[in-house]
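Visitor: I would like to learn how to read a protein structure, one feature at a time. Could you take me through this one slowly?

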2 protein chains.
Amino acid sequence: MLDAGALDTLFRHARTHDGWLDRPVSDEQLHQIYELMKMGPTSANSCPARIVFVRSRQAKERLRPALSEGNLEKTMAAPVTAIIGFDLKFYDRLPDLFPHNPEARSWFADDPKSAELAAFRNGTLQGAYFILAARAVGLDCGPMSGFDNAKVDAEFFQETYVKSNFLCNLGYGDSNRLFPRGPRLGFEEVCVVL
Amino acid sequence: MLDAGALDTLFRHARTHDGWLDRPVSDEQLHQIYELMKMGPTSANSCPARIVFVRSRQAKERLRPALSEGNLEKTMAAPVTAIIGFDLKFYDRLPDLFPHNPEARSWFADDPKSAELAAFRNGTLQGAYFILAARAVGLDCGPMSGFDNAKVDAEFFQETYVKSNFLCNLGYGDSNRLFPRGPRLGFEEVCVVL
């Protein structure tokens, strides 16, 4: 069992941040996040997530037109904004990723609806691994779905089969700008033990 | 930053297990998992995940007909199988969960397609929080998508708006029955820094 400090860092004290301290995020930290998140489980080790780290001023300006009003200021101010996407043709990597079953590629390549579902489900799992990996290496996150996916796809994923899923601001959050934490549902409202 | 042992437990040494030791999972552990995973972020604090912990022999037999052949034996043998689902009418709880914006319910209630997308995306994020929370409290996981969702929904979620997402076996994995770990994609294959 992880110690209390680690559980606080990952879950209990971690917060979604809107305000960011003026403190950069390094290339090394981006690599650290990826090297952890990549180990999380996906169906048939499919690993469909693809990530664009938007850090430069120029790249942020390319992102700006896709942002919803409520997410604009904080995203432009964040040290890094990760675009978490998923590759609809992830199955082309299965011969490398899942070598013990050479048929795995055809499960998805021959069934586009199944491929899209798997890409979205497993790419989203990897998005959550990303969030917790970022917290694990000492960063704060600000994930959000409020943006124009089609604009992001046209600007960052043109001529690919990658689709945007959600955005996640990264940096060191300004705790003075936090709202009170929202309530959560109780165990009995969410869970049944049979 | 978490220490190396915690990173190993969550990501680097953790494995998806197919073989289970004869060692039970307690109610207290199920509560511990939920109390951690519930803190993970979701859009507008929507918390759409719903969970059925299938533990008794009787409940396992209800699950059996929905399992794919490759997942049958290991799932029947696992101390607990969690059905991770999502509630398509999650938005009815938003007045409680997101009280500072009384309009949030209508974003989804008036747009079923948007509601379904949000339920699946955020319910899947919570599924990943579940996996890492289970590892954090010392358990091993065996998540899987290979089952008949419609059969599970008819058996466990009838007369509700909950849909099954994926299954996750829980217990203490038998390391002697692990296959070698699958390879992962490199940073440069997945990530771009702009």
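Guide: We will go through cores, a helix, a helix crossing, cysteines and unusual backbone angles in turn. Please keep in mind throughout that this is a predicted model.

Visitor: Let me begin with the interior: how many residues does the largest nonpolar core have, and which of them have the most contacts inside it?

Guide: The general idea is that in soluble globular proteins nonpolar side chains tend to be buried together. Here the largest nonpolar core has 80 residues, and those with the most contacts inside it are A:F53, A:F130 and A:L170 of chain A, together with B:F53, B:F130 and B:L170 of chain B. There is also a second, separate core of 24 residues, which includes A:F98 and A:F120 as well as B:Y91 and B:F108.

Visitor: Which residues is B:L170 in contact with, leaving aside its neighbours within four places in sequence?

Guide: The contacts of B:L170 include B:W20, B:V25, B:L30 and B:I33, and further along the chain B:F53, B:F130 and B:C141 are also among them.

Visitor: How should I read a helix, and which residues of α4 in chain B are buried?

Guide: An α-helix has 3.6 residues a turn, so residues three or four places apart point the same way. In α4 of chain B, which covers residues 69-77, the buried residues are B:N71, B:K74, B:T75 and B:M76. These buried residues pack against α3 (57-63), β2 (80-87), β3 (140-144) and β4 (162-171) of chain B.

Visitor: When two helices meet, what should I look for, and at what angle do α2 and α7 of chain A cross?

Guide: One looks at the distance between the axes, then at the angle, and finally at the residues that touch. The axes of α2(A), residues 27-37, and α7(A), residues 112-136, come within 8 Å and cross at roughly 130°. An angle between 115 and 145 degrees counts as oblique, and α2(A) and α7(A) are therefore oblique to each other. The crossing in which α2(A) passes α7(A) is right-handed. On the α2(A) side the contact is made by A:I33, A:L36 and A:M37, while the α7(A) side contributes residues including A:Y129, A:F130 and A:A133.

Visitor: How many disulfides does the structure hold, and why is A:C168 not bonded to A:C141?

Guide: Over all chains there are zero disulfides. A disulfide requires two cysteine sulfur atoms within 2.5 Å, and because the sulfur of A:C168 is 3.9 Å from that of A:C141, its closest cysteine sulfur, the pair is too far apart for a bond. In chain B, likewise, B:C141 is in no disulfide, and the nearest cysteine sulfur, that of B:C168, is 3.9 Å away. A:C168 is buried, with a relative accessible area of 0%, and B:C141 is buried as well, at 1%.

Visitor: Lastly, what is noted about the phi of A:N45, and is B:E159 buried or exposed?

Guide: A:N45 is not a glycine, yet its phi is positive, at about 50°. A:N45 lies in the loop between α2 and β1 (49-54) of chain A, and is buried, with a relative accessible area of 9%. B:E159 also has a positive phi, of about 60°, although it is not a glycine; B:E159 sits in the loop between α8 (149-156) and β4 of chain B, and is exposed, with a relative accessible area of 83%.

Methods. Residues are numbered from 1 along each chain as its sequence is written. Chains are lettered from A and ligands numbered from 1 in the order in which they are written. This is a predicted model: local features need pLDDT of at least 70, side-chain atom pairs count only at pLDDT 80 or more; totals for chains, interfaces and linings use all residues. Side-chain values use heavy atoms; hydrogens and water are left out. Buried means under 20% relative accessible area, exposed over 50%, partly exposed in between (1.4 Å probe, protein chains only). Helices (H or I, at least four residues) and strands (E, at least two) are DSSP runs, numbered from the N terminus. Contact means heavy atoms within 4.5 Å. A nonpolar core is a set of buried Ala, Val, Leu, Ile, Met, Phe, Trp, Tyr and Cys residues joined through side-chain atoms within 4.5 Å. Axes are lines fitted to C-alpha atoms, for helices over the stretch in contact, and angles run from 0 to 180 degrees between N-to-C directions. Angles under 35 degrees count as roughly parallel, over 145 as roughly antiparallel, 65 to 115 as roughly perpendicular and the rest as oblique. A crossing is left-handed if the near helix is turned anticlockwise from the far one by less than a right angle, and right-handed if clockwise.
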